Amino acid sequence: MQRYLASRVLALVPVLFGILAVVFLLIRLIPGDAVQLFLGTQVEMTPAQMMELRRFFGVDKPIPVQFADYLARIFRGDFGVSLRTARPVLPDILTRLPLSFQLASLALAIAVLIAIPLGIVSAVARNSTYDIVARITGLLGLSIPNFWLGAMLILVFSRFLHVPLGQYVPLSQNPLLTLRSLSLPALALGVAIAAILMRHTRSSLLEVLGQEYIRTARGKGLRARVVMLRHALPNAMIPVITVLGFQMGYLLGGTVVIEEIFALPGMGRLVLQAIFQRDYPVVQGVVLVIALLFVVTNLIVDVLYAWIDPRIRYG
Amino acid sequence: MSDPKDTRKDASGESSWYRTRVAATTPLGVTAAGRWWLWRFVHNRVAPIGLVIIAANLGVALLAPVIVPHDVRAMHPVDALRPPGHGYLFGTDEFGRDVLSRVLMLTAGFYGGWWDALAMRTMDIIFAFPAILLAIAIMAVLGTSVGNLVLAIGIVYTPQFARVARAAALTVRGLEFMEAARALGLGNARIIARHLIPNVLAPITVQVSLSLSLAILSESALSFLGLGTQPPTPSWGNMLSEGRQFLELAPWNAVFPGLAIMLVVLGFNLLGDGLRDFLDPRLR
C-alpha cells in the first residue's frame with residue numbers, strides 16, 4: 001500500500017507542473033500586458049514610466065524566467081495581489097474556501113444518500129414499475145441544468161412555500177443554521193451526481209448479482225440480506241467509487257454556478273466577481289486552488305479505491 | 001439503458017438471430033443487414049425517442065425564421081414579461097470541434113510509445129481542471145464571443161474523447177485483422193483510415209451524443225453566468241439569467257428556457273444511452 005501511495009503521489013508532480021503552467025499561461029493569453037490591465041484606460045503615461053512599471057511587475061523578462069518567478073512565488077504561498085483591493089489573494093480565497101468545500105461535501109452526501117439505496121432497490125426489483133420510474137427519473141436528473149434547478153427551488157420555497165432561505169452562517173457559529181442555508185444549494189448541485197451514481201449502482205449491482213459466487217452464496221443457504229450486504233454490495237460499490245471520483249470536478253466547478261444563484265459568499269462568487277472586474281490575479285488564484293483541490297480529492301478517491309480493491313495495488 | 005427483455009443474445013453476447021440472418025445472406029444481403037439494423041434501432045425503444053426530441057428541436061431551429069413571429073433581437077416593450085410561447089434553440093452551436101484531437105488520440109492509441117505518453121499527459125493536465133471552471137477561465141481570458149465559446153467548450157471536453165478514442169484504438173490494434181492488414185503490407189495511414197477508424201466509431205459516436213448533452217449544459221451555464229452567448233443574441237442560458245431577475249413577477253421567463261434545455265439534453269442522453277446498447281453492448 002505504501003508503495004502504491006508513493007507512486008501515486010510521485011505521478012502528481014508532472015500534473016501539478018502542468019496545472020501551474022496552464023494557470024500561468026492563461027494570463028499571458030490576454031491581449032495587452034499586465035501593466036496595461038492594471039492601469040486601465042484612464043491613466044496617461046510616458047513610455048519611460050511604462051517601462052519602469054513593467055520592470056516593477058517583472059513582465060519585462062522572458063516568459064520562461066517569468067514562469068520560474070511565478071513558481072517560486074506560489075511555493076512561498078504568494079498568490080499575488082488583487083488589482084482592485086490591493087490585498088493578497090490567498091487569504092481572501094482561504095476565507096471563502098470553507099463555504100465552497102462544505103457545499104460540495106453536502107451535495108456529495110445528499111447524492112450518495114439518495115442514489116445508493118435507490119440504485120439497490122432498482123437492481124433488486126429489476127423491471128418492476130419502480131425500477132422503470134427510477135430509471136426515467138435518473139435520466140431526467142441527469143438532464144436538468146443545475147442552475148435552473150436552483151432557481152426553481154428558490155421559486156418554490158420562497159414564493160409558494162414562504163420558507164425563508166436564510167443567510168449563510170459559518171459552521172463554527174451554528175452548524176444547524178449552516179446546514180439549513182446550504183441544504184437547498186447542495187440539493188441543486190447533488191441531483192445530477194445522484195442520477196449518475198444511481199445508474200451506476202444499478203448496473204454494477206446487476207452485473208455482480210449475475211456472478212457465480214452470488215449463486216454459490218445463495219446455494220449454501222445464506223439469507224438474502226447477508227448475500228446482499230456481505231457479498232454483492234461491496235463488490236458492486238467498487239466501480240461506483242471510480243465514478244464518484246470523476247464527479248468531483250463537476251462538484252467543485254458546479255459550486256461556482258450554484259453560489260451565484262443562491263448568493264453564497266464562496267470561492268465561486270469571488271472568481272465571477274473578479275472576472276467581471278478584470279482582476280486577473282484573483283481569477284488565477286481561485287482557478288489554481290480549485291484545480292489543486294480537484295487533484296487532491298482524486299488522489300484520495302484513488303487511494304480509497306486501492307484500499308478497497310487489492311487488485312488495483314498489485315496490478 | 002439496457003433493454004430488459006432482450007433475450008436475443010446468447011452466451012457469447014452475440015445475437016443468434018443475427019448470425020442466422022447473416023448466414024442466410026442473399027444477393028440482397030446488404031439490405032437484409034440494413035433492415036436488421038433498423039429493426040434493432042426502432043426496437044431499442046430508447047434511442048428513437050431521443051432522436052425524435054433532437055429532430056424536433058433541429059426542425060424548430062431551422063424553421064425559426066418562419067415560425068417566430070417577431071425579430072428575436074427586437075424590443076417589444078409592450079410584450080415585456082408576457083409568458084413566452086416557445087424557446088429558441090441556440091444551445092447547440094458547439095458541434096464536434098474535437099475532430100482534430102480525436103484523430104490525434106487515435107494515432108496515439110495506434111502508435112503507442114512516446115507519442116502516446118505525450119498526448120495522454122497533455123490530456124491529463126486538461127483533465128486536472130474541473131471542466132466548467134476551465135471553460136469559465138478560458139472565457140474570462142479570451143473574452144465573450146460565440147467563437148471563443150465553441151473553442152472553450154471544445155477544449156474542456158477534448159480529454160473525454162481522447163480517452164475513449166485511445167482505449168478503443170488500443171483494443172482494436174491488438175485484433176487479428178489489424179495484423180492481417182499489416183501483413184498485407186499496407187501503410188500506417190491507410191490502416192488508420194480504412195481499418196482503425198471504422199472500428200472505433202461506435203464508442204466515439206456514443207461519446208459524441210453524451211458529450212453534446214454536456215456541451216449544451218455548459219453553454220447554457222456559461223451564458224447564464226454572463227460568460228457565454230451575449231444578449232441580445234438569445235440563448236437559453238442568458239434567457240434564464242434575465243428571467244431570473246423577475247423570478248417573483250414572471251416566473252415563466254425562467255421556467256421555459258430551463259425546460260427547453262432539459263428536453264434537448266434528455267434527448268441526447270436518451271440517444272447516447274440507446275446507441276450504446278445498440279452499437280456496442282460491451283460498453284455497458
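**View 1. Contacts and overall build of chain A in the predicted model**. Among the contacts in chain A that link residues at least 6 apart in sequence, 73% join residues at least 24 apart. The secondary structure of chain A in this predicted model consists of 13 helices and 0 strands, and reading along the sequence gives the pattern α-α-α-α-α-α-α-α-α-α-α-α-α. Taken along the principal axes, the box filled by the C-alpha atoms of chain A is roughly 90 × 55 × 35 Å, and of the 315 residues in chain A, 34% are buried.

**View 2. The two assigned domains of chain A**. The domain assignment divides chain A into domain 1, covering residues 2–75, and domain 2, covering residues 95–308, and the C-alpha centres of these two domains lie 34 Å apart. Where domain 1 of chain A meets domain 2 of chain A, 11 residues of domain 1 are in contact with 11 residues of domain 2. On the domain 1 side of this contact, H1(A) provides the largest share, with 10 residues. By class, that side of domain 1 has 10 nonpolar residues, no polar residues and 1 charged residue.

**View 3. Helix H5 of chain A and its bend at A:Arg96**. Helix H5 of chain A runs over residues 89–124. Because 36 residues at 1.5 Å a residue should span 52 Å, the 51 Å between the end C-alpha atoms of H5(A) agrees with expectation. H5(A) nevertheless bends by about 35° at A:Arg96, and the proline A:Pro98 follows within four residues.

**View 4. The surroundings of A:Gln102 in helix H5 of chain A**. A:Gln102, which has its place in helix H5 of chain A, counts as buried because it has 22 C-beta neighbours inside 10 Å, where the cut-off for a buried residue is 20 or more. Leaving aside residues up to four places away in sequence, A:Gln102 touches A:Leu171, A:Thr178 and A:Leu182. A:Gln102 and A:Leu179 are separated by 77 residues in sequence, while their C-alpha atoms are 9.2 Å apart in space.

**View 5. The contact between chain A and chain B**. This contact takes 40 residues from chain A and 36 residues from chain B. On the side of chain A that touches chain B, at least two residues each are supplied by helix H1 (2–28), helix H6 (129–143), helix H7 (146–160), helix H10 (224–262), helix H11 (267–276) and helix H12 (280–308) of chain A. The most is given by H10(A), with 8 residues. By class, the side of chain A that touches chain B has 29 nonpolar, 7 polar and 4 charged residues.

**View 6. Annotated transmembrane regions and helix H7 of chain B**. An unreviewed UniProt entry carries the annotation "transmembrane region" for residues 46–68, 127–157, 200–229 and 249–272 of chain B. Over residues 127–157 of chain B, the chain is 81% helix and 0% strand, with the end C-alpha atoms 9 Å apart; over residues 200–229 of chain B, the chain is 83% helix and 0% strand, with the end C-alpha atoms 34 Å apart. Helix H7 of chain B covers residues 146–173, and because its 28 residues at 1.5 Å a residue should span 40 Å, the 38 Å between its end C-alpha atoms agrees with expectation. H7(B) has a kink of about 40° at B:Tyr157, which lies shortly before the proline B:Pro159.

Conventions
Residues are numbered from 1 along each chain as its sequence is written. Chains are lettered from A and ligands numbered from 1 in the order in which they are written. This is a predicted model: local features need pLDDT of at least 70, side-chain atom pairs count only at pLDDT 80 or more; totals for chains, interfaces and linings use all residues. UniProt positions are given in the numbering used here, feature names are shortened, and annotations may be inferred rather than shown by experiment. Two residues are in contact if their C-beta atoms, placed from the backbone, lie within 7 Å. Ala, Val, Leu, Ile, Met, Phe, Trp, Tyr, Cys and Pro count as nonpolar, Asp, Glu, Lys and Arg as charged, and the others, Gly among them, as polar. The expected span of a helix is 1.5 Å times one less than its number of residues. The bend at a residue is the angle between axes fitted to the seven residues ending there and the seven starting there. A residue is buried if 20 or more other C-beta atoms lie within 10 Å of its own, exposed if 12 or fewer, and partly exposed in between; C-beta atoms are placed from the backbone. Domain bounds come from an automatic or database domain assignment.
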